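Visitor: I have this model up on my screen and would like a quick tour. Could you walk me through it?

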Amino acid sequence: MMLSLFLAAAVESHAAEPGLAEKFGLEPKYIIIQAVSFLIVLAVLYKFGIKPTIAAMDERAVKIGAGLKYAEEMQAKLAAAQQESAALVKKSQVEATRIIDDARKSAKDFTDKQTQEAAGRANDILTKAQQAIELEHKKMLADARSEIARLVVTTTERVLAKKLTDADRAAYNDAASRELTSV
Amino acid sequence: MASGKKQIQLLARQFYKLSVVDGVLSTDRVAGVLEYIEKHRPANTLAVLKAYQRLVAAEFARGQAVVEHAGFLNASALDAIAAALSKKYSRPVSWVAKPNPTLLAGLRVRVGDDTFESSVAGQLGALAAAV
C-alpha cells in the first residue's frame, strides 16, 4: 500500500516537473526490483534466520523455565533434605547420648560388680589365710605340747630309772598287784 | 582255694575241740591229736597243723597270765593275781613272770588279748597322750 502511494506520488511529480526522482536519478523499475529483492531477502531471512532463532529462543525460554522450576524444586528438596538431615542429626545425637549413657551405666555397673567380686575374693582369701594361720598356730601349739610332754616323760623316765630304789619298786609292785587283784 | 582254706580251718577247729576237756586244754588230748595227724596224714597236713597250733596257742595264752614287772615281785602277789584272773575269766589261769625294766616300776599283765597295767611307764605314757 505504502509502496503504491509512493509510486503514484513519484509519477505525478515526474509528470508535473522534474521531480525529486528525476533530480536524484531514481528509476521506478529499479526501485521495484530492489523492493522485490528486499522482500525475497526478508522472506529468506525470516524463513532461515528469524524463525529458527525465535524457535530457539522459545525453546531456550522453556528450558530456562523448566530449569528454574527444577531449581526451585531442588531448593525445596534441599531444604527438606536439610530439615530431614537436621532431624536425623538431632535424633542421632539423642541416640548417641543414650548409648553413651547406657555404656557409662554398664561400665559403672561392671566396675561395681568387679569391685564387689574382688572385695569378696579378697575377703575369702583373707578368711582362708586367717583360718590357715589359726590352724597352723594350733598345730604348732599341739606339736610343741606333744614335744614338751614327750621330753617331760622321757626326762621323768630317766630320772625315775636312776632314782627309784629296789624298795620303791617293790612297794609300787605290791600296790600294783593289789590294784590288779581287785580288777 | 577259698574252700580249701575253709576246710583246713574246719579240720583244725575239730582237732582243737577234741583237745579241750571241760573247757580246759588237755595235754593228753593234744598229744593224741598230734599222733593221729602223724599217722593218718590228712590233706594239707602242714596247713592243718599250723591252724591247729594257732588255736592251741591262743587257748594256751587265754589260760596263762604273762606278768611283766620292774623290780622285785613276790610269788604270793603273782598267785593272787592269777587267782583274781581265774575268777574273772571263770577258768584256771596260771602265771609266768617276765622282768621288764622299761616299766620303771609296777606290773603289766597280759591274758590272751587282754592287757592290765599298773606301772609308772604306763602312767607316764597316759600322761603324754593326754597332754
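**A walk through the two chains**

Guide: Starting at the N terminus, the elements of chain A go α-α-α-α. Bear in mind as we go that this is a predicted model.

Visitor: How many helices and strands does chain A have?

Guide: The run of elements from the N terminus is α-α-α-α. That fits the totals for chain A, which are 4 helices and 0 strands.

Visitor: What percentage of chain A is buried?

Guide: Chain A has 183 residues. To count as buried, a residue needs 20 or more other C-beta atoms within 10 Å of its own. In chain A, the share that gets there is 3%.

Visitor: Which element of chain A gives the most to the side that touches chain B?

Guide: Across the two chains, 22 residues of chain A are in contact with 24 residues of chain B. On the chain A side, the elements giving two or more residues are α3 (28–163) and α4. By class, that side has 10 nonpolar, 4 polar and 8 charged residues. The top contributor, with 12 residues, is α4(A).

Visitor: Over to chain B. Is strand β5 mostly covered or mostly open?

Guide: β5(B) covers residues 106–111. Of its 6 residues, 5 are buried. So by the cut-off of 20 or more other C-beta atoms within 10 Å, the strand is mostly covered.

Visitor: Which strands pair with β5(B)?

Guide: One partner joins through 6 bridges and runs antiparallel, with Val67(B) bridged to Val109(B). The other also pairs in the antiparallel sense over 6 bridges, and there Leu107(B) has Ser118(B) as its bridge partner. The partners are β3(B), residues 64–70, and β6(B), residues 114–119.

Visitor: Which residue in the turn between β5(B) and β6(B) has a positive phi?

Guide: These two strands form a hairpin with 2 residues between them. The phi in question is about 60°, and the residue is Gly112(B).

Visitor: Why is Leu107(B) called buried?

Guide: Leu107(B) sits in strand β5 of chain B. Setting aside neighbours within four places in sequence, its contacts include Val67(B) and Ser118(B) in its own chain, and Asn173(A), Ala176(A), Ser177(A) and Leu180(A) from chain A. The cut-off for buried is 20 or more other C-beta atoms within 10 Å. Leu107(B) is buried because its count within 10 Å is 29.

Visitor: Which residues have the most contacts inside the largest nonpolar core?

Guide: That core has 24 residues. Elements giving two or more residues to it are α4 (166–181) of chain A, plus β3, α4 (75–89), β5 and α5 (120–130) of chain B. α4(B) gives the most, with 6 residues. The residues with the most contacts inside the core are Ala65(B), Ile81(B) and Val109(B).

Visitor: Which residues does Ala65(B) touch?

Guide: Leave out anything up to four places away in sequence. What remains is Ile81(B), Ala82(B), Leu85(B), Val93(B), Trp95(B), Val109(B) and Val111(B).

Visitor: How far apart are the end C-alpha atoms of helix α2 of chain B?

Guide: α2(B) has 14 residues, 27–40, and 1 of them is buried, so the helix lies largely in the open. Just after it comes Arg41(B), with a positive phi near 50°. At 1.5 Å a residue, the helix should span 20 Å, and the distance between its end C-alpha atoms agrees, at 20 Å.

Note on methods. Residues numbered from 1 in each chain as written. Chains lettered and ligands numbered in written order. Predicted model: local features only at pLDDT ≥ 70, side-chain atom pairs only at ≥ 80, totals over all residues. Expected span 1.5 Å × (residues − 1). Buried ≥ 20, exposed ≤ 12 C-beta atoms within 10 Å, placed from the backbone. Pairing = 2+ DSSP bridges. Core = buried A, V, L, I, M, F, W, Y, C linked by C-beta atoms within 7 Å. Contact = placed C-beta atoms within 7 Å. Nonpolar A, V, L, I, M, F, W, Y, C, P; charged D, E, K, R; others polar.
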